[in-house]
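Let's go through this model in a few quick questions and answers. Here it is.

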Amino acid sequence: MTISAEAFRFVAELVRAESAIVLDAGKEYLVESRLSPLARAAGAPDVNAYVGDVAKRRTPTALAAVVEALTTNETSWFRDADPFATLQNRILPTLAAARGGQRIRVWCAACSSGQEPYSVAITALETPQLAGTSVEVIGTDLSQEMLARARAAEYSQLEINRGLPAATLVKHFERSGIGWRVRPSVAATVSFRPLNLIRPFPAMGRFDVIFLRNVLIYFDAQTKRDILTRVRKVLAPDGVLFLGAAEMLTGIDDGWERLSGERSSIYRVRSDADAEARTPLRTGAA
Ligand SMILES: C[S@@+](CC[C@H](N)C(=O)[O-])C[C@H]1O[C@@H](n2cnc3c(N)ncnc32)[C@H](O)[C@@H]1O
């Protein structure tokens, strides 16, 4: 079966309106494969019939299920390694010195099933310069299903194998059936809440570090710009923004400058010369 043009158009428009994820022509196969399990579960004969029914009824639950099914939740522990090394060796020690014992706040703005915020929390616990400084990590995502998984903090051996060093597993996880659970000492520093990046952000206070990794890639340029403008407003003047390994802001938003001497895509808010003097984090051209 191939998804009909009408069903594809309905799904693409719905997903764009509710999440900003762009499903261009050519993504028919993706839509069909992601919606097939939902169609089966709903007892629909095929995806076209299922989409037709969702379009007719328009119940918030069914619409949200379609949008969630089209999110890509790919993630892993300490993804790309380098950003977490920089967080531990440069960013957190600098912030700890600048904050003088005040709590450091981190936002993982598209946290999927939780590996990223827990990796941040573990990194903070393993940063000696943070002794005596508490770190709060907030993970948010559009997907309620992913947030439920993140809150449960339980991972299969297969998921654990994706990037978690053995020593970290032993130290920060405990057995849970045939899988593993994040220890309370780590989980206590992390909380999760729903947040759609294309809607106005709820009041969450100011963050010292924001992870916005591997999510902007799904949006068009205007949406990226809009999100980045609002992200700038909730980032401390000497705070930093982490993007995905291949993501860059050149030509998208001039309000940022890349941290010098780093291979990872790490940015801070660009301001004027006196801001350079104010902050202890040096920057360089992208
Ligand atoms: C590929 S994952 C990235 C996970 C993690 N940041 C990483 O780099 O490993 C992208 C996540 O973005 C979320 N997402 C997509 N559109 C979103 C939106 N409009 N608002 C919030 N989250 C969104 C998806 O649900 C998904 O969990």
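A residue counts as near a molecule or strand if one of its heavy atoms lies within 4 Å of it. This is a predicted model, so local features need pLDDT of at least 70 and side-chain atom pairs count only at pLDDT 80 or more, while totals for chains, interfaces and linings use all residues. Residues are numbered from 1 along each chain as its sequence is written, and side-chain values use heavy atoms, with hydrogens and water left out.

Q: How many residues surround the ligand?
A: Let's start with the closest ones: Thr-75, Arg-79, Ala-110, Asp-141 and Asn-214. They belong to a set of residues around the ligand that numbers 22.

Q: Which residue has a polar side-chain atom 3.0 Å from a nitrogen atom of the ligand?
A: A polar contact here is a pair of N or O atoms within 3.5 Å; within protein, one must be able to donate a hydrogen and the other to accept it, and residues adjacent in sequence count only if both atoms are side-chain atoms. Ser-19 uses a backbone N or O atom, 2.9 Å from a ligand nitrogen, and Asn-73 puts a polar side-chain atom 3.0 Å from a ligand oxygen. The side chain that fits the question is that of Asn-196.

Q: How much of the ligand's accessible area does the protein cover?
A: Accessible areas come from the Shrake-Rupley method with a 1.4 Å probe; for residues, only the protein chains shown count as cover. On its own the ligand has 600 Å² of accessible area, and the protein covers 99% of that.

Q: What is the strand order of the seven-stranded sheet?
A: Strands (E, at least two residues) and helices (H or I, at least four) are DSSP runs, numbered from the N terminus, and two strands pair if DSSP finds at least two bridges between them. This sheet is open, with mixed pairing; its edge strands are S6 (190–194) and S9 (256–258), each paired on one side only. The full order is S6-S2-S1-S7-S8-S10-S9.

Q: Which residue in S10 stands opposite Leu-241?
A: S8 (residues 235–242) and S10 (residues 266–269) pair in the antiparallel sense over two bridges. Opposite Leu-241 in S10 is Tyr-267.

Q: Is S2 enclosed or open to its surroundings, and how many of its residues are buried?
A: Buried means under 20% relative accessible area, exposed over 50% and partly exposed in between (1.4 Å probe, protein chains only). Val-135, Val-137, Gly-139 and Asp-141 on one side of S2 are buried, as are Glu-136, Ile-138 and Thr-140 on the other. S2 is largely enclosed by the rest of the structure, because the buried count is seven of the seven residues.

Q: In S2, which residue is the bridge partner of Ile-104?
A: S1 and S2 pair in the parallel sense, over five bridges. The partner of Ile-104 is Val-135.

Q: Why is one side of S3 and of S4 left without a neighbour in the sheet?
A: The sheet in question is open and antiparallel, in the order S3-S5-S4. S3 (154–155) and S4 (173–176) stand at its edges, so each has just a single partner strand.

Q: What is the relative accessible area of Val-51?
A: Val-51 sits in helix H3 (residues 47–57). Counting contact as heavy atoms within 4.5 Å, Val-51 touches Ala-7, Phe-10, Val-11 and Leu-35, leaving out residues up to four places away in sequence. Val-51 is buried, with a relative accessible area of 3%.
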